[in-house]
Amino acid sequence: MRVYEPGTRQWSIYWASSARGVLDTSPMVGAFERDRGLFHGEESHEGRRVRCRFVWTVAGADAARWEQAFSDDGGRTWETNWTMDFSRRS
């Protein structure tokens, strides 16, 4: 679920699990500036909480890229662990 707050111009991204029937109440929060969206939050990884970063990038008129990275040192360094490229089909 995505929620937009006009006053701050920020989005909050919440994940839902249909398998477990729960909504994760720890959102990824961020904003878009020009062709890039940057979002931060926390995730559970291998049984512990880590910082998480999403980067959305416009890759053309009909394309976008999404990257997820984790940091276990408070955001000083990041390890990208997932990328997806999206394209519009006609």
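A pocket is here an open set of grid points with protein on both sides within 12 Å along at least five of seven lines, and its lining residues are those with an atom within 4 Å of a point. By this criterion, the second largest pocket of the predicted model is lined by His-45, Arg-48, Val-50, Phe-70, Ser-71, Asp-72, Thr-77, Trp-78, Glu-79 and Asn-81. The volume of the second largest pocket is about 150 Å³. Its lining comprises three nonpolar, four polar and three charged residues. Strands S7, S8 and S9, the last spanning residues 79-87, each contribute at least two residues to this lining.

The overall architecture of the protein consists of strands, of which there are nine, with zero helices. Along the sequence the order of elements is accordingly β-β-β-β-β-β-β-β-β. Along the principal axes, the C-alpha atoms fill a box of roughly 40 × 30 × 30 Å. Of the 90 residues in the protein, 22% are buried.

The largest pocket has a volume of about 230 Å³. Its lining contains 14 residues, and those that lie nearest the centre are Trp-15, Arg-20, Asp-24, Glu-43 and Gln-68. Two or more lining residues come from each of strand S3 (16-17), strand S4 (22-23), strand S6 (36-45), strand S7 (48-60) and strand S8 (63-71). Among these elements, S8 gives the most, with three residues. In terms of residue class, seven members of the lining are nonpolar, three are polar and four are charged.

Salt bridges were examined next. Six were found in a search of the whole structure. One of them joins the side chains of Arg-48 and Asp-72, with an N to O distance of 3.8 Å. This pair links distant parts of the chain, since Arg-48 belongs to strand S7 whereas Asp-72 is in the loop between S8 and S9, 24 residues away. Arg-48 and Asp-72 both appear in the lining of the second largest pocket. The two partners fall into separate accessibility classes. Arg-48 is classed as partly exposed because its relative accessibility is 38%, and Asp-72 is classed as exposed because its relative accessibility is 59%, the cut-off for the exposed class being over 50%.

A further salt bridge connects the side chains of Arg-65 and Glu-67, at 3.3 Å from N to O. Arg-65 and Glu-67 also take part, with Asp-85, in a network of salt bridges. Arg-65 has a relative accessibility of 27% and therefore counts as partly exposed. Glu-67, at 24% relative accessibility, is likewise partly exposed. Both values lie between the 20% limit below which a residue is buried and the 50% limit above which a residue is exposed. The side chains of Arg-34 and Glu-33 form another salt bridge, with an N to O distance of 3.4 Å. In this case both Arg-34 and Glu-33 are exposed.

A nonpolar patch on the surface is made by Met-1, Val-3 and Leu-23 and has an area of about 270 Å². Leu-23 is located in strand S4. With a relative accessible area of 42%, Leu-23 is partly exposed, and this residue can therefore belong to a patch, for which over 30% relative accessible area is required.

The backbone shows two further features of note. Most residues other than glycine have a negative phi. Arg-9, by contrast, has a positive phi, near 60°, and is not a glycine. Arg-9 is situated in the loop between strand S1 (2-5) and strand S2 (10-13). Its relative accessibility of 59% places Arg-9 in the exposed class. Glu-46, also a residue other than glycine, has a positive phi of about 55°. The loop between S6 and S7 contains Glu-46. Glu-46 is exposed as well, with a relative accessibility of 69%.

Terms used: Residues numbered from 1 in each chain as written. Predicted model: local features only at pLDDT ≥ 70, side-chain atom pairs only at ≥ 80, totals over all residues. Heavy atoms only, no water. 1 Å grid on protein atoms, 1.4 Å probe; cavity = no way out; pocket = protein on both sides within 12 Å on 5 of 7 lines; lining within 4 Å. Points joined across faces, edges and corners; volume = space filled by probe spheres on them. Helix = DSSP H or I, 4+ residues; strand = E, 2+ residues; numbered from the N terminus. Nonpolar A, V, L, I, M, F, W, Y, C, P; charged D, E, K, R; others polar. Patch = residues over 30% accessible without salt bridge, like charges linked within 9 Å, V, L, I, M, F, W, Y side chains within 5 Å. Areas by Shrake-Rupley, 256 points an atom, 1.4 Å probe, with all protein chains shown as cover. Salt bridge = Lys/Arg side-chain N within 4 Å of Asp/Glu carboxyl O. Buried < 20%, exposed > 50% of the residue type's maximum accessible area, 1.4 Å probe, protein only.
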